[in-house]
Amino acid sequence: MLAATLLLGPRSPPAHSLLICTFSRGTQGLSRHAARACAVRARASLSTSCISRQNAASDIRLKTLDVLGTTYTTDGWTNAPPAILAKTGRDLLHQPSHPLAILKELIFKEFPTFAHYDSLSPVVSTYQNFDSLGFAPDHPGRSKTDTYYVNQSTLLRTHTSAHQLQLLAAGSQGEHNVLVQAKNSAAAPGNERFLVAADVYRRDEIDASHYP
């Protein structure tokens, strides 16, 4: 019934109502036995059709995932739920009156000669988040129980250190598209010094000091 409701829309009658309506119109004049047989066949046909269509729709949904306007291919590592992905665009650090934004600005002011980054995408590669920082292949932080994966090679950063190599390389190679994201790039035009403020995502147990 749920599959039929999803396929037909929330304003449509439930599956059993559709079946009764269709059956009553299509079996007028039939014997009671023939009508019963027709109902069984109709029910089986509708059920099979709904399940097939639902499975097909599920397959389509599972093949790709949209995060901040970019589409990613999913796989067996994908474990980032919609509720978490929906938080990637909240930009709390950019809301002037939000406590996190206030704290960020206070910290930035203490380091005026540093390039300040606060708008880097939370979606990074597994290499950026782990390999480039020397995480061992069997490090528990790589586990799906600790990290939100978009797919095997892409995830939601678990720390801002995921951008260290990216920013150092951008400075040494003069990658303009990265350097311009700094709020005060003139202070350290080659990323000699930089600070990164950002939201991070970990599959922690929710308590007074932890929230995924």
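**Entry 1: the pocket**

I started with open space, and the largest pocket came out at a volume of about 700 Å³. A reminder to myself: this is a predicted model. I looked up which residues form the lining and found 28 of them. Those nearest the centre of the pocket are Leu 93, Leu 100, Ala 198, Asp 199 and Val 200.

Next I asked which elements give two or more residues to this lining. They are α5, residues 99-109, and β7, residues 194-196. Helix α5 gives the most, with five residues. I also sorted the lining by character: 17 residues are nonpolar, four are polar and seven are charged.

**Entry 2: Arg 90 and Asp 199**

I then picked Asp 199, one of the residues nearest the pocket centre, and looked at how it sits relative to Arg 90. In sequence Arg 90 and Asp 199 are 109 residues apart, yet their C-alpha atoms are 9.7 Å apart in space. Arg 90 belongs to the loop between α4 (82-85) and α5. Its relative accessible area is 45%, so I noted Arg 90 as partly exposed.

**Entry 3: a nonpolar patch**

On the surface I found a nonpolar patch of about 440 Å². Its members are Ile 102, Leu 103, Leu 106, Ile 107 and Phe 111. Where does Phe 111 sit? I found Phe 111 in the loop between α5 and β3 (115-117). With a relative accessible area of 33%, Phe 111 is partly exposed.

**Entry 4: salt bridges**

Side chains of opposite charge can pair when their charged atoms come close. I searched the whole structure for such pairs as salt bridges and got six. I followed a few of them, beginning on α5.

Lys 104 pairs with Glu 105, and their closest N and O atoms are 3.2 Å apart. Is Lys 104 buried or exposed? Its relative accessibility is 7%, so Lys 104 counts as buried. Glu 105, at 28%, counts as partly exposed.

Glu 105 also forms a salt bridge with Lys 183, at 2.9 Å from N to O. This pair links distant parts of the chain, with Glu 105 in helix α5 and Lys 183 in the loop between α8 (176-179) and β7, 78 residues apart. Lys 183 has a relative accessibility of 47%, so I put it down as partly exposed.

Lys 183 has another partner in Asp 118, with a distance of 3.7 Å from N to O. Asp 118 is in the loop between β3 and β4 (123-125), while Lys 183 is in the loop between α8 and β7, so this salt bridge ties together parts that are 65 residues apart in sequence. Asp 118 counts as buried because its relative accessibility is 10%, and the cut-off for buried is under 20%.

Which residues do the shared partners join into one network? I wrote down Lys 104, Glu 105, Asp 118 and Lys 183.

**Entry 5: pulling it together**

Looking back over my notes, α5 keeps turning up. Helix α5 gives five residues to the lining of the largest pocket, and it holds Glu 105 of the pair with Lys 183. Lys 183 in turn meets Asp 118.

Methods
Residues are numbered from 1 along each chain as its sequence is written. This is a predicted model: local features need pLDDT of at least 70, side-chain atom pairs count only at pLDDT 80 or more; totals for chains, interfaces and linings use all residues. Side-chain values use heavy atoms; hydrogens and water are left out. On a 1 Å grid over the protein atoms alone, a cavity is a set of points where a 1.4 Å probe fits but cannot get out, and a pocket is an open set with protein on both sides within 12 Å along at least five of seven lines; lining residues have an atom within 4 Å of a point. Grid points are joined across faces, edges and corners, and a volume is the space filled by probe spheres set on the points. Helices (H or I, at least four residues) and strands (E, at least two) are DSSP runs, numbered from the N terminus. Ala, Val, Leu, Ile, Met, Phe, Trp, Tyr, Cys and Pro count as nonpolar, Asp, Glu, Lys and Arg as charged, and the others, Gly among them, as polar. Patches are made of residues with over 30% relative accessible area and no salt bridge: like charges are joined within 9 Å, nonpolar side chains (Val, Leu, Ile, Met, Phe, Trp, Tyr) within 5 Å. Accessible areas come from the Shrake-Rupley method with a 1.4 Å probe; for residues, only the protein chains shown count as cover. A salt bridge is a side-chain nitrogen of Lys or Arg within 4 Å of a carboxyl oxygen of Asp or Glu. Buried means under 20% relative accessible area, exposed over 50%, partly exposed in between (1.4 Å probe, protein chains only).
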